[in-house]
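The exercises below are meant to be worked with the model open in a viewer. Each one sets a task and then follows it with a solution in steps.

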Amino acid sequence: MEKLVLKDKREFDIYPDSVQKNVCMVDAGREDLLVSDPKLNFPGELAEGADGKMYVLSKLDHAVADRLRQLFDWTAPSRVLGSRDKTMGVGDRLGVACDGHLRVFKKYPEITPILAQQSIRELTLTNRTFADVLDSATFAVFRNGYTTGFGADGDHVKTSEEVEYALNSGYTMITMDCSEHIDNSIDSLSKDEVFRKYERNTELESRYLNKSFDLGEGVVISFNEELFKRTVLIYADAVSYAEGIYKNNVCPNGKARADFEVSIDETMTPTLPEQHYFVAAELTRRGVKVATIAPRFCGEFQKGIDYIGNLEQYEKEMRIHAQIARTFGYKLSIHSGSDKFSVFPSTGKETRGRFHLKTAGTNWLEAVRLIAVKDPSLYREIHKYALVAFNEASKYYHVTTDLTKIPDVDTLTDGQLPDLFKNNDSRQLIHITYGLILNLKDDAGRYVFKDRMYSLWRTYREDYAQYLFEHIGHHASAILLK
């Protein structure tokens, strides 16, 4: 690897893919630095090279990221959902996963990444900001010379304030989580209870009640009286809320500031195809231009493990959901897509290769698996704390983890610890406790795990990148039917 040598004898390895005219990135041991010509006006330390040239050495902070985005437009996110058929969100909760991600997308260039993808919940649990997440992506894109474009997703935002926070941070996609405006209680009501609760809406009745819609490809959507009234009671408020956010925040004055996704997947029961159609038709009628809609599919998409459910039913319903999306001109969004290998082939087939897939937690699991391999003692500490923290963490996630099925780590050899990541219950244990693990402090206010974890990930960053290349690459190859 080529080196930058300074007059004061300091030497840095240059990342070869980062070399641009008058600027590059170097490995400074515990951190990376940006090296630039003083004329480019990056903030930092002025230093003389052994060749007599003057350089500026810059720490990778927000000001440097902003300057990079000004000089190299490919290091800034863009709106890619509508212009690219295949997109994948790969939320990097730790800020260290993008090198591995970019290896995947260099191998599978037909998929465009959403590299910065975080929810408010994830930001809170990791003590990060939208700006920090985007800056990490920008630095990785520059370091790897990835010039073909990426997006940034303000994921699962719920309020106009959260939408503005993401947009003002430079995000190019908004995932509107409508869960707080979906009435989950309706599905448990009897037919008579539904009829009593329903308030007459002649406008909606004229459009849907006892009507059928032929979408082609053998797909016909029909609404009998009970289904129509249930659908209105469950989803009408969510449609109105999404419309308001779109027109007031995302697309004021008719000019879109970002791609818009409507998420209706955070519900207690699956989204029936008829209900998906109702949401899509109403949004379209009201002038809401969505890039993607995320229904809740049949079966269970639990965190960090494969699909739970009937694969034949999934494929049958996916075919209908995909036809609905094609009818209205948007892509299906598949949430909690981490490790759903059994449904990727049918998803790729039924969407005809036009999809948006979201992953996130699996990157964290691979990072902790690396700890189990490289520092078994540290992993044992983390694992034992996760067992203590599990009940608190489970308030944030729907999982069916059975802690009794997780082996006692004191009975395992160091070499057996990585095999815990083949155990679904153990995977979910580690998956959902990430925020508590990262934030745990001792009585002196020092992080118990976080600093040691980041130090290890820095030391073994090449191993981590390879882990992700293989694991996320498995996601890509499966959904691409390769």
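**Exercise 1.** Which residues does Leu68 touch, not counting residues up to four places away in sequence?

*Solution.* Bear in mind throughout that this is a predicted model.
Step 1: locate the residue, whose place is in helix H1.
Step 2: collect its contacts beyond the four-place limit in sequence, which are Leu34, Phe42, Thr75, Thr138, Phe139 and Phe142.
Step 3: check the accessibility; the relative accessible area of Leu68 is 0%, and Leu68 is therefore buried, since buried means under 20%.
Step 4: add a distance, namely that the C-alpha atoms of Leu68 and Val23 lie 9.6 Å apart in space, although the two residues are 45 apart in sequence.

**Exercise 2.** Determine which residues of helix H1 are buried, how they are arranged around the axis, and what they pack against.

*Solution.*
Step 1: in helix H1, which spans residues 62-71, the buried residues are Val64, Ala65, Leu68 and Arg69.
Step 2: these residues cover an arc of only 140° around the axis, so they are on the same side of H1.
Step 3: the elements against which the buried residues of H1 pack are strand S4 (32-36), strand S6 (54-59) and helix H4 (130-143).
Step 4: turn to the start of H1, where a side-chain oxygen of Asp61 comes to within 3.3 Å of the backbone nitrogen of Ala63.

**Exercise 3.** Describe the surroundings of Ser136, and state whether Ser136 is buried or exposed.

*Solution.*
Step 1: Ser136 is placed in helix H4.
Step 2: its relative accessible area is 17%, and because buried means under 20%, Ser136 counts as buried.
Step 3: leaving out residues up to four places away in sequence, Ser136 touches Gly95 and Arg128.
Step 4: with Arg128 there is also a polar contact, side chain to side chain, at 3.2 Å.

**Exercise 4.** Compile the contacts of Leu357 and of Tyr434, together with the accessibility of each residue.

*Solution.*
Step 1: Leu357 belongs to strand S16, residues 355-359, and is buried with a relative accessible area of 0%.
Step 2: apart from neighbours within four places in sequence, Leu357 is in contact with Thr87, Met88, Gly89, Ile334, Gly337, Phe344 and Ile479; for Gly337, which is 20 residues away along the chain, the C-alpha separation from Leu357 is 6.1 Å.
Step 3: Tyr434 belongs to helix H15, residues 434-439, and is buried with a relative accessible area of 1%.
Step 4: beyond four places in sequence, Tyr434 touches Arg93, Glu122, Leu125, Thr126, Trp364 and Tyr397, and its C-alpha atom is 9.1 Å from that of Leu365, a residue 69 positions away along the chain.

**Exercise 5.** Examine the backbone at Asn127 and Glu217, and say what the sign of phi is at each.

*Solution.*
Step 1: recall the background, which is that most residues other than glycine have a negative phi.
Step 2: Asn127, although not a glycine, has a positive phi of about 55°, and it is found in the loop between helix H3 (120-126) and H4.
Step 3: Glu217 has a phi near 60°, again a positive value in a residue other than glycine, and its loop joins strand S11 (212-216) and strand S12 (219-222).
Step 4: the relative accessibility of Glu217 is 57%, so Glu217 counts as exposed.

**Exercise 6.** Characterise helix H8: where is its kink centred, and which residue caps its N-terminal end?

*Solution.*
Step 1: the kink in H8, which covers residues 225-250, is about 45° and is centred on Tyr235.
Step 2: the cap at the N-terminal end is Asn224, with a side-chain oxygen 3.2 Å from the backbone nitrogen of Glu226.

**Exercise 7.** Summarise the chain as a whole, and explain why it can be called as compact as a globular protein of its length.

*Solution.*
Step 1: the secondary structure amounts to 17 helices and 16 strands.
Step 2: the radius of gyration is 24 Å, close to the 23 Å that the globule rule gives for 482 residues, so the chain is as compact as a globular protein of that length.
Step 3: along the principal axes, the C-alpha atoms fill a box of roughly 80 × 60 × 45 Å.
Step 4: of the 482 residues, 56% are buried, and of the contacts with a separation of 6 or more, 71% are between residues 24 or more positions apart.
Step 5: the exposed area is about 20,400 Å², of which carbon and sulfur atoms supply 48%.

Conventions: Residues numbered from 1 in each chain as written. Predicted model: local features only at pLDDT ≥ 70, side-chain atom pairs only at ≥ 80, totals over all residues. Heavy atoms only, no water. Bend = angle between axes of the 7 residues up to and from the residue. Helix = DSSP H or I, 4+ residues; strand = E, 2+ residues; numbered from the N terminus. Polar contact = N/O pair within 3.5 Å; in protein donor to acceptor, adjacent residues only side chain to side chain. Rg over C-alpha atoms; globule rule 2.2 N^0.38 Å. Buried < 20%, exposed > 50% of the residue type's maximum accessible area, 1.4 Å probe, protein only. Contact = heavy atoms within 4.5 Å. Areas by Shrake-Rupley, 256 points an atom, 1.4 Å probe, with all protein chains shown as cover. Arc of directions from axis to C-beta.
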